[in-house]
Amino acid sequence: MSGSELTVEPGYLHIVASDFDARPMTYVTPAGDRLGYEPDLARSVCERLGLTPVWHNLPMEDFYRCFATGGEGQQKYDLIWFNQAITPERQQVVTFTQPYGLFNEAVLVKASSPVSSAQMLADQRVGGLADSTNIALVKGFPGAVAVPYPGSDQVLPEMLAALRAGEIDALIDDELVLVVAAQDDPSLKVAFTLPTQVPFAIGLPPARTALLQKLDQTLSALKADGTMAGLWAQWIPWQPFPFS
């Protein structure tokens, strides 16, 4: 079966994503090339299905809004593929594929901060993406004050700038993203990791059952033949592949 009849535009897979730097998962070079674990995996999937991937830069706050009932996104885009954890709230709008990764979350602070545990965040302001699995964890930090940031297309740089400026005392996000941020900026450090092993997957409108089936079959094949493990080793070599 050709992939052409599965998608909103024959021969193409239109992907809702964002352009902000979320290495090693995804980022866009100055030349406009999208690189990282997710884009490379998307290219492998598309190659198997005879499709060409096309990424669309949307604010994260619009991801699920565009696929809500009657949303224009159902005619313009095929799916959401950008650092998306499976959550019950999101499952009210989309159907997720099987996971292509399991990821921990972490807390980032200034290098001078003594914080090394959740208990040490009492009375401190912890920034995070609004309505995300990340900031929901702040409720479990005794005395911490959650500071949600709307999901603009620059939300991560905005949160990092707020941390550097002292507008927040800590930042909670996906561990992979924060490890890279700390490597890029010696004034920041990862205070501690939360071993949540959150499943990330591709979100599709519920009516797109044929495309969902093809994606799941292809992800299973890429796991079985070692392609997914190879991409993981290329982009996330410091973490063990979670599906071995």
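A pocket here is an open set of grid points with protein on both sides within 12 Å along at least five of seven lines, and a residue lines it when it has an atom within 4 Å of a point. Keep that in mind as you work through this predicted model.

**Exercise 1. Get a feel for the whole chain.**
Work out how the chain is built and whether its radius of gyration agrees or disagrees with that of a compact globule.

*Solution.*
- Step 1: Start with the secondary structure, which comes to seven helices and 12 strands.
- Step 2: Next, box it in. Along the principal axes, the C-alpha atoms fill roughly 55 × 40 × 35 Å.
- Step 3: Now compare. A compact globule of 244 residues would have a radius of gyration near 18 Å, and the chain has 18 Å, so the two agree.
- Step 4: Check what is covered. Of the 244 residues, 51% are buried.
- Step 5: Look at who touches whom. Take the contacts with a separation of 6 or more: 69% of them join residues 24 or more positions apart.
- Step 6: Finish with the outside. The accessible surface is about 10500 Å², and carbon and sulfur atoms hold 53% of it.

**Exercise 2. Explore the largest pocket.**
Find its volume, and say which residues sit closest to its centre.

*Solution.*
- Step 1: The volume is about 320 Å³.
- Step 2: The lining has 15 residues, and Met60, Glu61, Tyr64, Ala130 and Asp131 are the closest to the centre.
- Step 3: Sort that lining by class and you get seven nonpolar, three polar and five charged residues.

**Exercise 3. Move to the second largest pocket.**
List its lining, then name the elements that give two or more residues to that lining.

*Solution.*
- Step 1: This pocket holds about 180 Å³ of space.
- Step 2: Going along the chain, the lining has Asp21, Ala22, Arg23, Leu156, Pro157, Leu160, Arg164, Val177, Val180, Ala181 and Asp184.
- Step 3: Two helices each give two or more residues: H4 (155-165) and H5 (175-184).
- Step 4: By class, seven of the lining residues are nonpolar and four are charged, with no polar ones.

**Exercise 4. Hunt for enclosed space.**
How many cavities of 30 Å³ or more does a search of the whole structure find, and what lines them?

*Solution.*
- Step 1: The search turns up two cavities of 30 Å³ or more.
- Step 2: The largest cavity has about 190 Å³ of space. Its lining is made of 20 residues, with Met60, Leu129, Asn134, Asp173 and Asp174 nearest the centre.
- Step 3: Helix H3 (133-136), H4, strand E10 (170-174) and strand E11 (188-200) each give two or more residues to this lining. H4 gives the most, with three.
- Step 4: By class, this lining splits into 11 nonpolar, five polar and four charged residues.
- Step 5: The second largest cavity has about 30 Å³ of space. Around it you'll find Met25, Asn83, Phe103, Asp174, Leu176, Val177 and Phe200.
- Step 6: That lining comes to five nonpolar residues, one polar and one charged.

**Exercise 5. Zoom in on helix H5.**
Is H5 mostly covered or mostly exposed, and what covers its buried residues?

*Solution.*
- Step 1: Use the cut-off for buried, which is under 20% relative accessible area.
- Step 2: Eight of the 10 residues of H5 are buried, so by that cut-off H5 is mostly covered.
- Step 3: Name them: Glu175, Leu176, Val177, Leu178, Val179, Val180, Ala181 and Ala182.
- Step 4: Their cover includes strand E7 (101-110), H4, E10 and E11.
- Step 5: Link back to the earlier exercises. Val177 lines the second largest pocket and also lines the second largest cavity.

Terms used: Residues are numbered from 1 along each chain as its sequence is written. This is a predicted model: local features need pLDDT of at least 70, side-chain atom pairs count only at pLDDT 80 or more; totals for chains, interfaces and linings use all residues. Side-chain values use heavy atoms; hydrogens and water are left out. On a 1 Å grid over the protein atoms alone, a cavity is a set of points where a 1.4 Å probe fits but cannot get out, and a pocket is an open set with protein on both sides within 12 Å along at least five of seven lines; lining residues have an atom within 4 Å of a point. Grid points are joined across faces, edges and corners, and a volume is the space filled by probe spheres set on the points. Ala, Val, Leu, Ile, Met, Phe, Trp, Tyr, Cys and Pro count as nonpolar, Asp, Glu, Lys and Arg as charged, and the others, Gly among them, as polar. Helices (H or I, at least four residues) and strands (E, at least two) are DSSP runs, numbered from the N terminus. The radius of gyration is taken over C-alpha atoms; the globule rule is 2.2 Å times the number of residues to the power 0.38. Buried means under 20% relative accessible area, exposed over 50%, partly exposed in between (1.4 Å probe, protein chains only). Contact means heavy atoms within 4.5 Å. Accessible areas come from the Shrake-Rupley method with a 1.4 Å probe; for residues, only the protein chains shown count as cover.
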